[in-house]
Amino acid sequence: MRSLMIVMFALGTAVPSAASQSEPLRAAAELTGLTSGMAAACNFDARPVLHAFRDLMDRKHVQGQERKRLVGLVSQSHDRGFATQHRLGAMSCQEVKGQMRSTIRRLQRAK
């Protein structure tokens, strides 16, 4: 429950995106970044999460400036996830592993 609250808080406090970005892709970018940052803090390989997001952008035909903005958002969120994971009360690394699986599934199912 705590981990869900952390992710939802982080998603709610993100920097507003450009008008051309769709809300679902922005949320997916933030979730990807947060999850990959937490994974990196636990010394897990975050590439499967990042690849799942890249595949989503490919399916959505996101190119050019919009793609660069989304990748930047992933990077910003990654830094927040990494920092959050080092705070007292953060998810256990076992929970992060579950969060990674969940995020990958969500990204793969996104239409």
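## Exercises on a predicted five-helix model

Ala 52 is buried, with a relative accessible area of 5%. This residue belongs to a model that is predicted, and the exercises below begin with its surroundings.

**Exercise 1.** Determine which element holds Ala 52 and which residues Ala 52 touches beyond four places in sequence.

*Solution.* Ala 52 is part of helix 3. Once residues up to four places away in sequence are set aside, Ala 52 touches Ile 104 and Leu 107. Both of these partners are listed among the buried residues of helix 5, whose buried residues pack against helix 2, helix 3 (47-59) and helix 4 (64-85). As a further check on this region, the C-alpha atoms of Ala 52 and Arg 109 are separated by 9.9 Å, although the two residues are 57 residues apart along the chain.

**Exercise 2.** Describe how helix 2 and helix 5 are arranged relative to each other, starting from their axes.

*Solution.* Two packed helices are described by the angle between their axes and the distance between the axes. Here the axes of helix 2 (residues 23-41) and helix 5 (residues 93-109) come within 10 Å and cross at roughly 155°. Because angles over 145 degrees count as roughly antiparallel, helix 2 is roughly antiparallel to helix 5. The crossing in which helix 2 passes helix 5 is left-handed. On the side of helix 2 the contact is made by Ala 28, Leu 31, Thr 32, Thr 35, Met 38 and Ala 39, and on the side of helix 5 by Val 96, Gln 99, Met 100, Thr 103, Arg 106 and Leu 107. By class, the residues of this contact divide into seven nonpolar, four polar and one charged.

**Exercise 3.** Test whether the span of helix 5 agrees with its 17 residues.

*Solution.* At 1.5 Å a residue, helix 5 should span 24 Å. The end C-alpha atoms of helix 5 are 24 Å apart, so the expected span and the model agree.

**Exercise 4.** Decide whether Gln 85 is buried or exposed, and list its contacts outside its neighbours within four places in sequence.

*Solution.* Gln 85, which lies in helix 4, has a relative accessible area of 12%; since buried means under 20%, Gln 85 counts as buried. With those sequence neighbours left aside, Gln 85 is in contact with Met 38, Ala 41, Cys 42, Ala 90, Met 91, Ser 92 and Val 96. Two of these partners, Met 38 and Val 96, also take part in the contact between helix 2 and helix 5.

**Exercise 5.** Place these details in the protein chain by stating how many helices and strands it has and what percentage of its residues count as buried.

*Solution.* The protein chain has five helices and zero strands, and of its 111 residues 41% count as buried.

Conventions
Residues are numbered from 1 along each chain as its sequence is written. This is a predicted model: local features need pLDDT of at least 70, side-chain atom pairs count only at pLDDT 80 or more; totals for chains, interfaces and linings use all residues. Side-chain values use heavy atoms; hydrogens and water are left out. Axes are lines fitted to C-alpha atoms, for helices over the stretch in contact, and angles run from 0 to 180 degrees between N-to-C directions. Helices (H or I, at least four residues) and strands (E, at least two) are DSSP runs, numbered from the N terminus. Angles under 35 degrees count as roughly parallel, over 145 as roughly antiparallel, 65 to 115 as roughly perpendicular and the rest as oblique. A crossing is left-handed if the near helix is turned anticlockwise from the far one by less than a right angle, and right-handed if clockwise. Contact means heavy atoms within 4.5 Å. Ala, Val, Leu, Ile, Met, Phe, Trp, Tyr, Cys and Pro count as nonpolar, Asp, Glu, Lys and Arg as charged, and the others, Gly among them, as polar. The expected span of a helix is 1.5 Å times one less than its number of residues. Buried means under 20% relative accessible area, exposed over 50%, partly exposed in between (1.4 Å probe, protein chains only).
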